[in-house]
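Biologist: I would like to learn how to read a protein model step by step. Could we begin with the sheets and then move on to the rest?

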Amino acid sequence: MKKSIKSISLTLVIMMLAIIVAACNKSGDKVSVGIVLPTKDEERWLQDEQRFKDALKDTKYTTEILFSQGSSAKEKENVETLINKGIKVLIICPPDGDAAAAAVEAAKKEGIKVISYDRLITKTDAVDYYVTFDSVEVGKAQGQYLVDHAKGNGQPLYLYAGAATDNNAFLFFEGAWSVLQPKIKDGTFKIANSAEAVALQGKETLSRDEMSKIVGQVTTSWDPNEAKNKAQTHLTAAGADMKGDVAILGPNDGTARAIADVFATDKAVTSYVISGQDADKASIQYIIEGKQSMTVFKDVRTLVKDAIGMAVDLLDGKTPATTGEYDNKKIKVKAKQTKVIVVDKGNVRKELIDSGYYKADDFTGL
Ligand code: BGC
């Protein structure tokens, strides 16, 4: 009798332990904030991953970062994985803003709060917040740099844009156009590589459809290879009057380096000024060497801090602070926006090394 009571209680203890272990495992699998980034193939998003990891080191919340590798299908899968892990907040940057609607709608159905990160998810009401840089300002800064470094009159201007699936590409272009167009109109620049842009060059502001026509023609799809091929095609087609000292609207660092390499090898191009953005390490090296003229530094530490701050507010049941709103073609999304900094050879050390963003020994010839 005694023995069987003992064995029964032993069995009970074992069962209870098993339940506790199972429960622990389950909570070990649980994630409170899911982060989905567009691709590992660009330095920009590896930077975001690293900055998220740095910022999340000491948080009590569990997080997981997944990459979509440029595929909206993979992105949907990632979001489903995270939903199954019980996330309460989703921070997401899409490869394709319209196509990501389905993924965030699935999250919303589960009561998950959605924060669009850097790129706006469009044509859906399933986005709660947006953290972003001032993207129109990025484009303005790029255009302004070309204007400030223009040489004489009638200088050839080569326009390039980001991916048509990325809402930001339009914001950047809008900003750039707002400062370049008056200088095209007054004869400082002549457009070298886009008949669509030439057709619209009299218009100070462009509608989304008008911008689409130009972006469709000069898109790089954010792909350095596509950028390189387009630049080669443009230079092959260009006459001597479209060479000499040229200005190039480089949409971001990865594509700017690819385009710059092509222009650098054309003997009829005597000099070029080219913009970029992101402060990729590779582009900082290019700027030091005079192969890229400028970049727009978007301090990812701030964006990450804002996104996590918002997520934590939401987990704590608070309303996150915002500074404005963005129209996503379905609703107005409350947004928190961050400033950007123009960097060229003159201030690269101050803004990127002295600020602790990069280490001096990441570069040569600084
Ligand atoms: C980002 C840029 C980036 C580009 C390509 C944009 O949405 O704002 O920083 O260079 O995508 O990935």
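Modeller: In this predicted model, one open sheet consists of four strands in the order S7-S6-S8-S9, and the pairing within that sheet is parallel. Strand S7 (189–191) and strand S9 (269–274) are the edge strands, since each of them pairs on one side only. If direction is ignored, neighbouring strands of this sheet are turned by 35° against each other on average.

Biologist: How many bridges join strand S6 to S7, and which residue is the bridge partner of Pro 156?

Modeller: Strand S6 (residues 155–159) and S7 run parallel and are joined by three bridges. One pair to look for is Pro 156 with its bridge partner Lys 190, which belongs to S7.

Biologist: Which helix lies across S6, S7, S8 and S9?

Modeller: That is helix H5 (residues 135–148), which lies across S6, S7, strand S8 (244–249) and S9, and which runs at about 165° to S8.

Biologist: What is the strand order in the open sheet of seven strands?

Modeller: Read across that sheet, the order is S2-S1-S3-S4-S5-S12-S11, and here the pairing is mixed. Its edge strands, each pairing on one side only, are strand S2 (63–67) and strand S11 (324–327). Neighbouring strands of this sheet are turned by 25° against each other on average, again with direction ignored. Within the sheet, strand S4 (residues 113–117) and strand S5 (residues 129–133) run parallel and are joined by three bridges, and the bridge partner of Tyr 117 in S5 is Val 131. Helix H2 (residues 43–56) lies across strand S1 (33–37), S2, strand S3 (89–92), S4 and S5, running at about 175° to S2.

Biologist: Which residues touch the most other members of the largest nonpolar core?

Modeller: That core has 68 residues, and the ones touching the most other members are Phe 52, Tyr 117, Phe 173 and Leu 180. The core draws at least three residues from each of domain 1 (30–127 + 300–338) and domain 2 (135–298 + 343–362). Apart from it lies another core, of 24 residues, which includes Ile 83, Ile 92, Val 104 and Ala 335. You have already met Tyr 117 as the bridge partner of Val 131. To follow Leu 180, leave aside residues up to four places away in sequence, and you will find that Leu 180 touches Gly 143, Leu 146, Val 147, Leu 157, Leu 159, Phe 189 and Leu 249.

Biologist: How far apart are the C-alpha centres of domain 1 and domain 2?

Modeller: The centres lie 29 Å apart, and the contact between these domains takes 16 residues from domain 1 and 18 residues from domain 2.

Biologist: How should I read a salt bridge, and how many salt bridges does a search of the whole structure find?

Modeller: The general idea is that side chains of opposite charge can pair when their charged atoms come close. A search of the whole structure finds 20 salt bridges. One of them joins Glu 226 and Lys 230, whose closest N and O atoms are 3.6 Å apart. Both residues lie in helix H9 (residues 224–237), four residues apart, which is about one turn of the helix.

Biologist: Are Glu 226 and Lys 230 buried or partly exposed?

Modeller: Glu 226 is partly exposed because its relative accessible area is 26%, whereas Lys 230, at 19%, is buried, the cut-off for buried being under 20%.

Biologist: What are the closest N and O distances in the salt bridges of Asp 299 with Arg 301 and of Glu 289 with Lys 291?

Modeller: For Asp 299 and Arg 301 the closest N and O atoms are 2.8 Å apart. Asp 299 counts as buried, with 15% relative accessibility, while Arg 301 is partly exposed, with a relative accessible area of 29%. For Glu 289 and Lys 291 the closest N and O atoms are 3.4 Å apart; Glu 289 counts as partly exposed at 43% relative accessibility, and Lys 291 counts as partly exposed at 32%.

Biologist: Which residues are linked in a network of salt bridges?

Modeller: Such a network links Arg 44, Asp 48 and Asp 118.

Notes:
Residues are numbered from 1 along each chain as its sequence is written. This is a predicted model: local features need pLDDT of at least 70, side-chain atom pairs count only at pLDDT 80 or more; totals for chains, interfaces and linings use all residues. Side-chain values use heavy atoms; hydrogens and water are left out. A salt bridge is a side-chain nitrogen of Lys or Arg within 4 Å of a carboxyl oxygen of Asp or Glu. Helices (H or I, at least four residues) and strands (E, at least two) are DSSP runs, numbered from the N terminus. Buried means under 20% relative accessible area, exposed over 50%, partly exposed in between (1.4 Å probe, protein chains only). Two strands pair if DSSP finds at least two bridges between them. Axes are lines fitted to C-alpha atoms, for helices over the stretch in contact, and angles run from 0 to 180 degrees between N-to-C directions. Contact means heavy atoms within 4.5 Å. A nonpolar core is a set of buried Ala, Val, Leu, Ile, Met, Phe, Trp, Tyr and Cys residues joined through side-chain atoms within 4.5 Å. Domain bounds come from an automatic or database domain assignment.
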